[in-house]
Amino acid sequence: MAQLWGGRFTGETDALVYRFNASISFDQIFFEEDIAGSIAHTAMLAKQNLLTRAEADAITQGLTAIREDVKSGKLAITEEYEDIHSFVEAVLTERIGEAGKKLHTGRSRNDQVALDMKLYTRKRVQETKTLLRALLETLLSMMEEHLDTYMPGFTHLQKAQPVTLAHHLGAYFEMFKRDVQRMQDICVRMNYCPLGSGALAGTTYPLDRAYTAQLLGFTGPAANSMDAVSDRDYLIEYLSAASTIMMHLSRFSEEIILWNSNEYGFVEIDDAFSTGSSIMPQKKNPDIAELVRGKTGRVYGALMSLLTTMKGLPLAYNKDMQEDKELTFDAMDTVTGCLSLFTGMLRTMRFHKEVMAESAMKGFTNATDAADYLVSKGVPFRDAHRLTGQLVLYCIGKETSIDALTLEELQAVSPVFEADLYDAVSLRTCVEKRLTAGAPGRKAMEEAIQAGRAFLEQEQKR
């Protein structure tokens with residue numbers, strides 16, 4: 001058992017206690033972050049004359065070699081070590097001798113693990129942002145392609161008014177755009193370096209914390225040493241934002257599952273993102289969309305777990321905080337995996353435009369426009385609403401649509417109806433005359449797409 005704290009103890013740690021306490025099985029995931037932090041700490045110690053140049057060079061070269069050997073598979077991280085920090089320091093000392101024992105000067109595992117987790121999370125935040133941007137790019141391309149693809153818009157899962165597929169996809173563009181912004185907010189707030197905080201009260205060594213922060217790409221050092229070692233807000237923020245991403249993906253997946261059903265027939269999912277049945281040869285199942293929907297609860301669970309872990313902890317560091325890792329790592333893998341797969345599925349889907357347009361017509365989505373037509377002819381809105389309702393009821397009885405009625409049938413409901421009604425209630429007119437900002441009309445949608453492009457261009461510069 002390789003441990004960093006044996007001096008106080010005379011007896012051996014119980015094997016079961018050791019295994020229960022150890023974190024090497026999961027915290028080895030950030031061995032590169034641990035080594036990067038140690039290299040920066042070494043540079044700072046040398047700058048402050050707490051290490052000689054020869055010692056600093058030996059430590060840096062030793063750490064770099066360990067990193068490369070682990071990456072190549074030449075050196076294995078084994079569970080004889082309590083955690084990744086113990087592994088790195090023990091191997092370093094074994095390789096370079098006494099100088100390796102000086103690496104931990106002015107440092108505690110508390111600020112070390114806080115640093116490692118921040119560096120790793122910062123990397124995963126950037127990865128999540130990159131995947132979100134790829135999804136937004138896909139959505140924008142699809143919006144451009146489907147400016148004239150008409151479909152029913154829904155409220156209460158009932159057909160309401162005609163929109164375009166571009167407009168429907170644009171709603172999800174706005175959701176995922178906010179997700180990108182949330183990730184950016186996390187980056188800004190979390191980007192303060194905990195290293196140099198020690199166990200909780202700093203250190204008596206003359207450390208240059210600002211220099212260490214600069215070397216590691218932080219805005220500056222964390223302001224309070226107790227907060228620095230016990231802060232997990234950034235993880236809670238990430239998991240909260242990840243939960244929101246998964247909620248958006250789940251909503252979208254639910255719609256794709258519905259659209260893919262025989263009853264809707266709006267879309268066909270590519271074979272590469274579908275599966276079949278072991279017994280029913282006709283089946284082509286939307287399993288990727290269903291799994292994304294299902295895995296949403298998994299990410300929610302990680303958020304609830306960490307919130308529950310942190311809710312009763314006094315300052316500063318407590319071992320409970322070791323529970324911040326496994327479920328967070330799983331949530332990070334889940335959300336990035338779902339984003340990647342969902343984008344691929346979306347990019348390869350085929351939409352049945354005729355079916356979507358026919359569904360919009362058969363669902364009386366142009367009824368509001370028929371009422372607006374009457375209003376334009378001087379009929380009070382309340383009367384127009386009643387007359388159009390009667391018109392819809394008549395169509396239901398005849399199993400037809402408003403635009404399929406004869407002029408005589410229309411005028412039997414209201415003599416105000418004239419031949420120009422047919423153009424007024426066509427899908428194209430219903431959509432195109434809606435030109436207010438955010439509406440589905442072509443001009444409004446072209447402006448929305450242009451704004452989306454500008455947002456992505458700005459994001460690329462960050």
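This is a walk through two helices, a hairpin, a few aromatic pairs and two individual residues of the structure above.

A word on ground rules: this is a predicted model, in which local features need pLDDT of at least 70, side-chain atom pairs count only at pLDDT 80 or more, and totals for chains, interfaces and linings use all residues. Residues are numbered from 1 along each chain as its sequence is written, and side-chain values use heavy atoms, with hydrogens and water left out.

Let's start with helix α4, which covers residues 53–72. Helices (H or I, at least four residues) and strands (E, at least two) are DSSP runs, numbered from the N terminus. With 20 residues, α4 reaches 28 Å from its first C-alpha to its last, close to the 28 Å expected at 1.5 Å a residue; the expected span is 1.5 Å times one less than the number of residues. Which residues of α4 are buried? Here buried means under 20% relative accessible area, exposed over 50%, and partly exposed in between, with a 1.4 Å probe and protein chains only. The buried ones are Glu55, Ala56, Ile59, Gly62, Leu63, Ile66, Asp69 and Val70. Looking down the axis of α4, these buried residues fall within an arc of 165 degrees, so they line one face of the helix. That arc is taken from the directions from the helix axis to the C-beta atoms. Arg53, Ala54, Gln61 and Ser72 sit exposed on the other side of α4. The cover over the buried residues of α4 includes α3 (31–47) and α5 (84–96), where contact means heavy atoms within 4.5 Å. Right after α4 comes Gly73, with a positive phi of about 90 degrees.

Helix α15 (residues 381–398) can be read in much the way we read α4. Its 18 residues should span 26 Å at 1.5 Å a residue, and the end C-alpha atoms are 25 Å apart, which agrees. Ala384, Leu387, Thr388, Leu391, Val392 and Cys395 are the buried residues of α15. They cover an arc of only 145 degrees around the axis, which puts them on the same side of α15. These buried residues pack against α14 (367–376) and α16 (407–413). Turned away from that buried side is a face with the exposed residues Arg382, Leu393, Ile396 and Gly397. Just past α15, Glu399 has a positive phi of about 55 degrees.

Now for the hairpin. Strands β1 (residues 150–155) and β2 (residues 158–164) pair in the antiparallel sense over 6 bridges; two strands pair if DSSP finds at least two bridges between them. There are 2 residues between β1 and β2, and His156 in the turn has a positive phi of about 55 degrees. Across the hairpin, Met151 stands opposite Val163 in β2.

Met151 also turns up among the contacts of His168: beyond neighbours within four places in sequence, His168 touches Met151, Glu255 and Trp259. His168 belongs to helix α7 (residues 165–190) and counts as buried at 13% relative accessibility. Its side chain makes a polar contact of 2.6 Å with the side chain of Glu255. A polar contact is a pair of N or O atoms within 3.5 Å; within protein, one must be able to donate a hydrogen and the other to accept it, and residues adjacent in sequence count only if both atoms are side-chain atoms.

On to the rings. Rings of Phe, Tyr and Trp (its six-membered ring) pair if their centres lie within 6.5 Å, with planes under 30 degrees apart counted as stacked, over 60 as edge-to-face and the rest as tilted. That rule gives 11 aromatic pairs. In one of them, Phe30 and Phe329 have ring centres 6.1 Å apart and planes at 80 degrees, so the pair is edge-to-face. Phe30 is in the loop between α2 (24–27) and α3, while Phe329 is in helix α12 (residues 326–348), 299 residues apart. Both Phe30 and Phe329 are buried. For Phe154 and Tyr264 the centres are 6.2 Å apart and the planes at 45 degrees, so that pair is tilted. Phe154 lies in β1 and Tyr264 in the loop between α10 (233–260) and β5 (267–268), so the pair ties together parts 110 residues apart in sequence. Ring pairs link Phe154, Trp259, Tyr264, Phe266 and Phe351 into a cluster.

Last stop: Met310 in helix α11 (residues 287–310). Met310 counts as buried at 18% relative accessibility. Leaving aside neighbours within four places in sequence, Met310 contacts Ser230, Arg232, Ile236 and Met321.
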